[in-house]
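Colleague: I would like a close look at a single part of this model, set in the context of the rest of the chain. Please take me through it step by step, beginning with the side chains.

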Amino acid sequence: IDGKAMDVDLQAKVTKPMSDPAIVGNLKAKFDIDKMPKAVLRKFAAYVTGKIDATLKVNMRMSDLDANHFHRLKIDGDVDLEGFRYISLDSVTNLYLRNTCFNFGSGRKIKTEVHTVDSLLTATIEVDTAHVEYESMIIDVNGFKSGLGTRVTREKVDTTVIVPFGGSLSFKQFKFYDTVDSIRCRAKDMRAIASLRRYEGNRHLPQLSFAVDVKSLMTGIKREFAMGIKSGHFDITSHLRQKKLKNPQDTTASKKKVRKKSERDIDDLDMAVDSGLKAVIKKWDIKGTLKAESGGFYTYAMPVRNRLKNIDLTFNTDSVVLRDLNYKMGQSGFVINGTIGNLRRVLLGRRRNNVLTIDFDVKSDTVNINEISRLLLTDASDAGAVTIDNVEDLENKTSTSVAVDSGKTTAFMVPGNIDADIRLIADNVIYTDMMFNDFKCRICVRNKVANIRNLRAKADLG
């Protein structure tokens with residue numbers, strides 16, 4: 001078929017048409033949307049333009065469409081879009097794709113030095129430049145690539161069997177802006193991968209993995225919040241917990257304990273998550289790591305620049321471990337090593353043993369107690385809006401802090417469900433108009449009381 005708006009070439013061969021038809025065919029098609037009849041274009045209810053180039057190869061039998069034989073189906077194809085634009089008549093939606101390639105196929109193989117994976121069903125999409133406007137949202141993407149793959153075998157018939165599945169996504173640049181909520185996000189050189197596998201070879205127990213690497217990521221809400229990260233890596237792995245048989249006697253005993261539980265103290269810090277996340281924490285074992293060269297954040301509630309270096313932490317559903325975290329808050333700087341524990345019971349909102357434990361070793365060059373106390377005691381509603389007009393301002397390392405001079409303070413209450421043991425060593429400590437050197441102390445927080453023990457320091461007075 002050769003027309004003004006389309007060019008279609010179909011070649012096919014059919015054998016055994018009366019029993020189990022076998023089809024081998026190739027399809028090539030080209031469409032020029034600009035040259036399509038106006039009567040057809042009006043049915044889109046939008047302005048549409050661009051060119052489409054598609055190919056399709058098929059090698060199959062009709063019996064392959066059955067669920068028990070779907071894995072034998074051989075189909076490959078790709079669709080290329082050039083200069084595609086879609087603008088709705090109400091101008092709510094505006095989509096532009098400069099060059100796009102969508103590819104899919106079955107029965108493919110991937111060879112590595114260790115082994116070969118066959119019977120793969122894959123799909124990939126590449127977009128060199130994309131611009132999307134929808135209602136108040138604006139998105140710009142460059143160098144976008146994404147792919148999905150899974151094995152197509154007879155095991156797919158059994159829905160209780162875990163079928164390995166994987167996917168990836170990457171882009172060179174990503175920009176997002178919401179003109180109503182003033183939400184901004186920018187990222188460079190980002191790559192993410194995800195997979196579903198069988199946990200320790202168990203065909204019925206799933207294991208989910210996710211990892212992302214990014215050169216730089218900045219996000220925030222104008223004049224309220226901003227955060228960023230450089231050279232970051234994040235990975236997380238989770239698997240479904242195996243159900244344990246409960247002893248009826250243990251169940252009865254646990255019910256008796258519930259009746260004796262006391263109500264939560266009103267001064268406790270409520271860190272319980274919603275019901276959806278509680279179900280995830282109960283059913284899944286989760287662990288992961290977070291690493292980055294540097295990062296920072298700035299909030300309306302804490303109007304001081306917070307900067308992080310050498311971010312290296314591991315976590316699971318019950319604890320977070322920090323290693324040599326360099327944290328600078330305004331004029332104060334800390335190097336933190338330690339653990340935050342008992343997270344699971346705290347996040348689940350347990351009424352017994354729900355105390356968050358903090359065990360830190362902290363070293364500091366300078367601690368400005370005057371600045372820290374102002375931040376802790378100042379009412380956030382009078383702190384003033386964040387003055388960062390652009391999230392890239394977080395990279396300005398010469399800026400330090402914003403003075404809080406509202407004059408309105410609130411009492412700082414020590415939560416009853418936090419136990420902390422912090423060993424602090426500081427070269428310099430600023431308190432009121434005094435300067436202390438070689439400062440050492442142990443800060444203990446228990447039962448709503450904060451104590452400073454083993455305090456030693458030097459001052460000009462002696």
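Modeller: In this predicted model, the side chains of H131 and E133 are joined by a polar contact of 2.7 Å. H131 belongs to strand β6, and, once its neighbours within four places in sequence are set aside, its contacts fall on two stretches, with N94, L95 and Y96 in one and I138, I139 and D140 in the other. Strand β6 spans residues 116–134 and is followed by a loop that leads to β7, residues 137–151, and E135 is found in that loop. E135 has a positive phi of about 55°, although this residue is not a glycine. With a relative accessible area of 60%, E135 lies over the 50% cut-off and therefore counts as exposed.

Further along, F144 has its place in strand β7. The C-alpha atoms of F144 and D128 are 6.1 Å apart in space, while 16 residues separate the two in sequence. Leaving aside neighbours within four places, F144 is in contact with I125, E126 and V127, and also with L169, S170 and F171.

A second set of residues, later in the chain, can be described in a similar way, starting from D421. This residue lies in strand β17, which runs over residues 418–431, and its side chain makes a polar contact of 2.7 Å with the side chain of R442. Because its relative accessible area of 11% is under the 20% cut-off, D421 counts as buried. Beyond the residues up to four places away in sequence, D421 touches I358, D359 and F360, together with R442, I443 and C444.

F360, one of the residues that D421 touches, is found in strand β16, residues 356–368. F360 is likewise assigned as buried, since a relative accessibility of 12% is under the 20% cut-off. The residues that F360 touches, not counting those up to four places away, are L322, I336, N337, G338, T339, I340, D421, I422 and R423. From C-alpha to C-alpha, F360 and I443 are 9.8 Å apart, although their positions lie 83 residues apart in sequence terms.

I422, which is among the contacts of F360, also brings us to the largest pocket of the model, whose volume is about 1,900 Å³. This pocket is lined by 45 residues, and those closest to its centre are M329, F334, I372, L376 and I422. Helix α5, residues 369–377, supplies the largest share of the lining, with six residues. By residue type, the lining of this pocket divides into 40 nonpolar and five polar residues, with no charged residue among them.

Towards the end of the chain, K448 is placed in the loop between β18, residues 434–446, and β19. K448 is not a glycine, yet has a positive phi of about 70°. At 33% relative accessibility, K448 falls between the 20% and 50% cut-offs and so counts as partly exposed. A457 lies in strand β19 itself, which covers residues 449–459, and this residue is also partly exposed, because its relative accessibility of 38% falls between those two cut-offs. Not counting residues up to four places away, A457 touches F436, N437, D438 and F439. The C-alpha atoms of A457 and A426 are separated by 9.2 Å, the two residues being 31 apart along the chain.

As for the chain as a whole, the model contains five helices and 19 strands. Of its 462 residues, 31% count as buried, D421 being one that meets the criterion. Among contacts with a separation of 6 or more, 57% are between residues 24 or more positions apart. The chain exposes about 28,800 Å², of which carbon and sulfur atoms supply 56%.

Key: Residues are numbered from 1 along each chain as its sequence is written. This is a predicted model: local features need pLDDT of at least 70, side-chain atom pairs count only at pLDDT 80 or more; totals for chains, interfaces and linings use all residues. Side-chain values use heavy atoms; hydrogens and water are left out. Helices (H or I, at least four residues) and strands (E, at least two) are DSSP runs, numbered from the N terminus. Buried means under 20% relative accessible area, exposed over 50%, partly exposed in between (1.4 Å probe, protein chains only). Contact means heavy atoms within 4.5 Å. Accessible areas come from the Shrake-Rupley method with a 1.4 Å probe; for residues, only the protein chains shown count as cover. A polar contact is a pair of N or O atoms within 3.5 Å; within protein, one must be able to donate a hydrogen and the other to accept it, and residues adjacent in sequence count only if both atoms are side-chain atoms. On a 1 Å grid over the protein atoms alone, a cavity is a set of points where a 1.4 Å probe fits but cannot get out, and a pocket is an open set with protein on both sides within 12 Å along at least five of seven lines; lining residues have an atom within 4 Å of a point. Grid points are joined across faces, edges and corners, and a volume is the space filled by probe spheres set on the points. Ala, Val, Leu, Ile, Met, Phe, Trp, Tyr, Cys and Pro count as nonpolar, Asp, Glu, Lys and Arg as charged, and the others, Gly among them, as polar.
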